[in-house]
Amino acid sequence: MRAITFDDTAMTVTELPDPTPDAGEVLIEVAAAGVNNADLQQRAGNYPPPPGASEILGLEVSGTVRAVGAAVTGFAVGDRVCALLSGGGYASLVVAPATQVLPVPDGVDLVEAAGLPEAACTVYSNIGMLAGLRPGQTLLVHGGTGGMGSHAVLWAKALGATVIATSGGERKVRASEELGADLVIDHRTEDFVERVLAFTDGAGVDVVLDVVGPSYLDRNLQVLAPNGHVAVIASGSGTKAELDLGAMMRKRATISGTTLRARPSAEKAAIVEAVRYNVWPFVADGRVWPVIDSVLPLASADEAHRRVRDGEVIGKVLLTP
């Protein structure tokens with residue numbers, strides 16, 4: 001198979017032995033791999049794969065089932081699928097646990113489907129499973145045009161929630177509006193606390209999905225409604241912050257911080273199953289779709305990483321082998 005290997009200076013397409021599926025695994029001929037910030041962090045040496053996982057970059061793919069291991073049910077050779085991985089996606093072939101594979105619904109482009117697994121599993125496990133967002137509640141999404149943020153906007157709107165998004169610059173503000181956000185705040189020129197409280201008549205929001213981290217923690221609490229939840233899924237502004245416990249307790253607030261890659265396989269399986277029942281129907285009926293910024297060949301992995309690093313993408317960047 002062809003796969004990306006990397007060193008301190010560059011990423012290179014390399015020929016490697018084809019993988020074979022063990023019991024409970026599926027071999028996928030890759031149509032596309034999603035590019036995530038976690039890939040950039042791994043390449044920089046800051047986010048190593050969990051024990052036993054492939055050293056090859058790539059946490060999500062779409063493609064066609066080429067073979068199935070023993071004891072696999074529900075998938076057959078030729079099926080259109082996408083998968084959540086612990087690594088190995090930047091390749092022409094990849095093995096995935098069958099419990100982390102999802103069918104690609106009819107009408108969804110197979111290449112574009114590579115932009116769904118990581119976002120769907122991250123977003124739903126945080127704002128669906130942990131925060132318990134319900135129809136009629138209000139969600140604040142920071143980074144409303146990123147890979148995670150764009151999916152969160154679509155899923156929450158399909159659920160029946162009111163969605164507020166922060167985005168940077170006129171182009172991204174327009175993109176968030178086109179995704180269906182009820183209010184979009186340009187964080188470069190506007191105070192999101194002031195805008196959120198005005199929009200909600202001072203009530204605040206029920207759930208915050210945060211990709212910024214420490215520098216936003218205090219302000220997230222300011223806009224949180226009583227019994228609200230702040231879900232932190234990235235720490236773009238660092239890893240340490242002071243927390244006003246008094247404000248948190250007065251609002252009976254909860255704060256969670258999660259990553260997905262290193263979770264035990266049983267937890268990932270439970271998340272994927274929950275996504276299949278609570279997100280996939282919206283994908284099948286067209287209310288949630290993969291938001292794709294650009295599609296590049298595998299040999300252009302360096303360029304793909306540059307685009308993600310620059311932060312100007314809307315949705316996901318994909319690589320096709």
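## Close-up views of a predicted model

**View 1. The largest cavity encloses about 50 Å³ of space.** This is a predicted model, so keep in mind that every value here is computed from it. The structure holds one cavity of 30 Å³ or more, and this view shows the residues around it. Rolling a probe the size of a water molecule over the atoms is how empty space like this shows up. The lining is made up of Gly115, Leu116, Ala119, Gly147, Ser150, His151, Leu154, Trp289, Pro290, Val291 and Lys316. Helix α3 (residues 147-159) provides the largest share of that lining, four residues. Sort the lining by class and you get six nonpolar, four polar and one charged.

**View 2. The second largest pocket holds about 420 Å³ of space.** Here 26 residues form the lining, and those nearest the centre of the pocket are Gly52, Ala53, Ser54, Gly87 and Val95. Which elements supply at least two residues each to this lining? They are β6 (93-97) and α8 (265-278). Of the elements, β6 gives the most, with four residues. As for chemistry, the lining of this second largest pocket splits into 14 nonpolar, seven polar and five charged residues.

**View 3. Thr138 sits in strand β8 (residues 138-142).** Is Thr138 buried or exposed? Thr138 counts as buried, because its relative accessibility is 12% and the cut-off for buried is under 20%. Leaving out residues up to four places away in sequence, Thr138 touches Leu133, Thr162, Ile164, Val205, Asp206 and Val207. Try picking out each of these contacts around Thr138 in the structure above.

**View 4. Arg66 and Glu29 form a salt bridge.** Side chains of opposite charge can pair when their charged atoms come close. In this pair, the closest N and O atoms are 3.4 Å apart. Arg66 belongs to strand β4 (residues 60-68) and Glu29 to strand β3 (residues 25-35), so the salt bridge ties together parts that lie 37 residues apart in sequence. Arg66 is partly exposed, with a relative accessible area of 39%, and Glu29 is partly exposed too, at 40% relative accessibility. In total, the structure holds 12 salt bridges, and the next two views pick out others.

**View 5. Glu190 pairs with Arg195 in a salt bridge.** How far apart are the closest N and O atoms of Glu190 and Arg195? They are 2.4 Å apart. Glu190 counts as partly exposed, because its relative accessibility is 29%. Arg195 also counts as partly exposed, at 28% relative accessibility.

**View 6. Arg307 and Glu303 meet in a salt bridge within helix α10.** The N to O distance between these side chains is 2.9 Å. Both residues lie in helix α10 (residues 301-310), and they are four residues apart, which is about one turn of the helix. Arg307 is partly exposed, with a relative accessible area of 26%, and Glu303 is partly exposed with a relative accessible area of 26%. The story doesn't stop at this pair: salt bridges that share partners link Glu303, Arg306, Arg307 and Asp310 into one network.

Note on methods. Residues numbered from 1 in each chain as written. Predicted model: local features only at pLDDT ≥ 70, side-chain atom pairs only at ≥ 80, totals over all residues. Heavy atoms only, no water. Buried < 20%, exposed > 50% of the residue type's maximum accessible area, 1.4 Å probe, protein only. Contact = heavy atoms within 4.5 Å. Salt bridge = Lys/Arg side-chain N within 4 Å of Asp/Glu carboxyl O. 1 Å grid on protein atoms, 1.4 Å probe; cavity = no way out; pocket = protein on both sides within 12 Å on 5 of 7 lines; lining within 4 Å. Points joined across faces, edges and corners; volume = space filled by probe spheres on them. Nonpolar A, V, L, I, M, F, W, Y, C, P; charged D, E, K, R; others polar.
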